[in-house]
Amino acid sequence: MIRSSCVLLLACWCVAAAPPLKEFSHAKHLKLGNVGPVIASAIDKGTYLGRGAAVRPFLNSANPCVACHRGLENSSKVSDANMPAMADCLVCHSTISPPDSCEFCHPKDAKLMPANHVAGFLDTHSNKQSGLDLTTCAVCHGRKFTCLGCHLK
């Protein structure tokens, strides 16, 4: 049975501007049951490739939709904040190795570049005043990403 919050999400999918996927099936993912404990385990083990502390409190719900679509119960409008983060996907789809495999899930012409990657980003991203959360770089740059991987070239 699909919960009412999932129905709301499906009805409002076009509201959010999350990067497009080639193919996604809510039905297949709901058959897995609640993936919240799996994501929580990755956060607890330190293998989650995102801001785990912000995500962790939402993962104790019995509602399987909330594991990926956080905050729907308190939202009047679906937004990017209610969409799964790529780090969520990479918990189970761990053989994906960005940035070399983006096209496995995303269309070739998908706009995947983060908003903060503007002109001059390469020159300013390492500045301590940039405010970047370097723990999120691995989602796009790969699990074995290190700053020196680029800066020694």
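Here are four short exercises, with worked solutions, on the predicted model shown above.

**Exercise 1. Get an overview of the chain**

Find how many helices and strands the chain has, and what share of its residues is buried.

*Solution.* Begin with the secondary structure: there are nine helices and zero strands. Reading from the N terminus, the order is therefore written α-α-α-α-α-α-α-α-α. Next, turn to burial: 28% of the 153 residues count as buried. The surface comes after that, with about 10500 Å² exposed by the chain, 61% of it supplied by carbon and sulfur atoms. Finally, look at contacts between residues at least 6 apart in sequence: 63% of these join residues at least 24 apart.

**Exercise 2. Place Asp88**

Work out whether Asp88 is buried or exposed, and which side chain it makes a polar contact with.

*Solution.* First locate the residue: Asp88 sits in helix α5, which covers residues 86-92. Then check its accessibility. The relative value for Asp88 is 4%, so this residue counts as buried, given that the cut-off for buried is under 20%. Now look for a polar partner: the side chain of Asp88 pairs with the side chain of Tyr48 at 2.5 Å. To complete the surroundings, leave out residues up to four places away in sequence; Asp88 then touches Ile39, Tyr48, Cys68 and Arg70.

**Exercise 3. Test the cysteines**

Decide how many disulfides there are, and why Cys68 and Cys92 are not bonded to their closest cysteine sulfurs.

*Solution.* The criterion is a pair of cysteine sulfur atoms within 2.5 Å. Take Cys68: its closest cysteine sulfur belongs to Cys89 and lies 6.9 Å away, so the pair is too far apart for a bond. Now take Cys92: the closest cysteine sulfur is that of Cys68, at 8.3 Å, which is also too far for a bond. The count comes to zero disulfides. As an extra check on exposure, Cys68 has a relative accessible area of 21% and is partly exposed, and Cys92, at 48%, counts as partly exposed too.

**Exercise 4. Map the largest nonpolar core**

Identify which residues of the largest nonpolar core touch the most other members, and which element gives the most to this core.

*Solution.* The core holds 16 residues, and those touching the most other members are Ile39, Ile43, Tyr48, Leu49, Val55 and Leu59. Next, sort by element: α3 (36-45), α5 and α8 (138-141) each give two or more residues. Of the elements, α3 gives the most, with four residues. To finish, zoom in on Val55: leaving out residues up to four places away in sequence, Val55 touches Ile39, Ile43, Tyr48 and Arg70.

Notes. Residues are numbered from 1 along each chain as its sequence is written. This is a predicted model: local features need pLDDT of at least 70, side-chain atom pairs count only at pLDDT 80 or more; totals for chains, interfaces and linings use all residues. Side-chain values use heavy atoms; hydrogens and water are left out. Buried means under 20% relative accessible area, exposed over 50%, partly exposed in between (1.4 Å probe, protein chains only). Contact means heavy atoms within 4.5 Å. Accessible areas come from the Shrake-Rupley method with a 1.4 Å probe; for residues, only the protein chains shown count as cover. A polar contact is a pair of N or O atoms within 3.5 Å; within protein, one must be able to donate a hydrogen and the other to accept it, and residues adjacent in sequence count only if both atoms are side-chain atoms. A nonpolar core is a set of buried Ala, Val, Leu, Ile, Met, Phe, Trp, Tyr and Cys residues joined through side-chain atoms within 4.5 Å.
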